[in-house]
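Student: Could we go through this structure together? I would like to begin with a term that we shall need later.

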Amino acid sequence: MIKTIKFISAICATMFASVFAQDVTLQSVLITDKVPADENPVAKTLVEAVPQLENLSLELALGFETEYIYRGKFYSAQLFQPQFDISYAFGDSGFSVYTTLWGNCPITKNYTSDVDFYYGLIYNYDFLTVDFGSSYFWYTEAPDDFDITREIEVYLVLSVDTTKWLGAFNITPSLAYFYNLNYDAHTIEAALSYSAPISKWVTGDEYLRLDTAIYYGYQHANKAAGDQRYNDVVWKNGYGYFGIQSDVVLSVTSYCDLSIGIRYAQHNDGADNDISGTQEHLWMGSKVLFKF
């Protein structure tokens, strides 16, 4: 618990130092909610000082989840998830780059803690968005029987903005491919997401929405035990997984969101291959998000 608190404190301190210590030195795999500088006092001050920062987006977030489910399987319970995103758009070219630092910090010591780094390139062309990047998973703490210390993965995500066809009911389909170098694993995941502007429908103001996503994926690993343990034994494994999540999002200001929601996921890899002993999971999550 003490190590978790220290880790969260260190992440948060680094986040706020990088944003507010601008006099000394001068979003996530999917940062799309850039706040206009004239609506954000912090961003407005920075842009006036350095005009080039107009295309820079920052996000700071701290989430809490009752469970950590990754590709349908249980890994941790009762955990904090700090996150720092930064992205830069190259004018009207359609290209932008991003990097994300994400932490997984269980309250108890019985589960795995990790720090993940994401970085990539996004290209937007009309209704199509292409996201190509890589991620590095570093397991800082793990149970004694967990021998994996790091993973490296590359990915390609295609998503379509259907606004021109569906108007306000613009459900967003996406298709993603992931390759894990350590497990020699291939994963394909298809998803549909929709953000319902509840308050806009009721009052005409945009301050409350319902974000919902549904997904299905399949993963096949040629080295199911990884490349860091059981080197004398290599076996293959594949399974499918399904999930749905829905969050109520309240925009407190133009640069601060609060959210809370429910999630459900399941997989068909058998209960013995899930450390929780079950193939189905139902849990809740919440988050506070700051956008600059």
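Tutor: Buried means under 20% relative accessible area, and exposed means over 50%, with partly exposed in between. Please keep in mind that this is a predicted model.

Student: Understood. Which residues does Asp257 form a salt bridge with, and how far apart are the closest N and O atoms?

Tutor: Asp257 forms a salt bridge with Lys291, and the closest N and O atoms are 3.2 Å apart. The pair links distant parts of the chain, with Asp257 in strand S11 (residues 256–267) and Lys291 in strand S12 (residues 280–291), 34 residues apart.

Student: Are Asp257 and Lys291 buried or exposed?

Tutor: Both Asp257 and Lys291 are buried. In terms of the cut-off, each therefore has under 20% relative accessible area.

Student: Which residues are joined with them into one network?

Tutor: Arg209, Asp211, Asp257 and Lys291 are joined into one network by salt bridges that share partners.

Student: How many salt bridges are there by this rule?

Tutor: The count comes to 9 salt bridges. One of these is between the side chains of Arg71 and Glu153, at 3.0 Å from N to O.

Student: Why does that pair tie together parts that are apart in sequence?

Tutor: Arg71 lies in the loop between strand S1 (56–70) and strand S2 (73–89), while Glu153 lies in strand S6 (residues 150–160), so the salt bridge ties together parts that are 82 residues apart in sequence. Arg71 and Glu153 are both buried.

Student: And what about Glu206: which residue does it form a salt bridge with?

Tutor: Glu206 forms a salt bridge with Lys200, with 3.5 Å between the closest N and O atoms. Glu206 is exposed, at a relative accessible area of 63%, whereas Lys200 is partly exposed, at 43%.

Student: Changing topic to the strands: how many bridges join S7 to S8?

Tutor: Strand S7 (residues 172–180) and strand S8 (residues 185–196) run antiparallel and are joined by 9 bridges. Within this pairing, Ser174 stands opposite Ala191 in S8.

Student: What lies between S7 and S8?

Tutor: The two strands form a hairpin with 4 residues between them. In the turn, Asp184 has a positive phi of about 50 degrees.

Student: Which strand does S8 pair with over 12 bridges?

Tutor: S8 pairs with strand S9 (residues 208–221) over 12 bridges, in the antiparallel sense. Here Ser193 stands opposite Ala213 in S9.

Methods: Residues are numbered from 1 along each chain as its sequence is written. This is a predicted model: local features need pLDDT of at least 70, side-chain atom pairs count only at pLDDT 80 or more; totals for chains, interfaces and linings use all residues. Side-chain values use heavy atoms; hydrogens and water are left out. Two strands pair if DSSP finds at least two bridges between them. A salt bridge is a side-chain nitrogen of Lys or Arg within 4 Å of a carboxyl oxygen of Asp or Glu. Buried means under 20% relative accessible area, exposed over 50%, partly exposed in between (1.4 Å probe, protein chains only).
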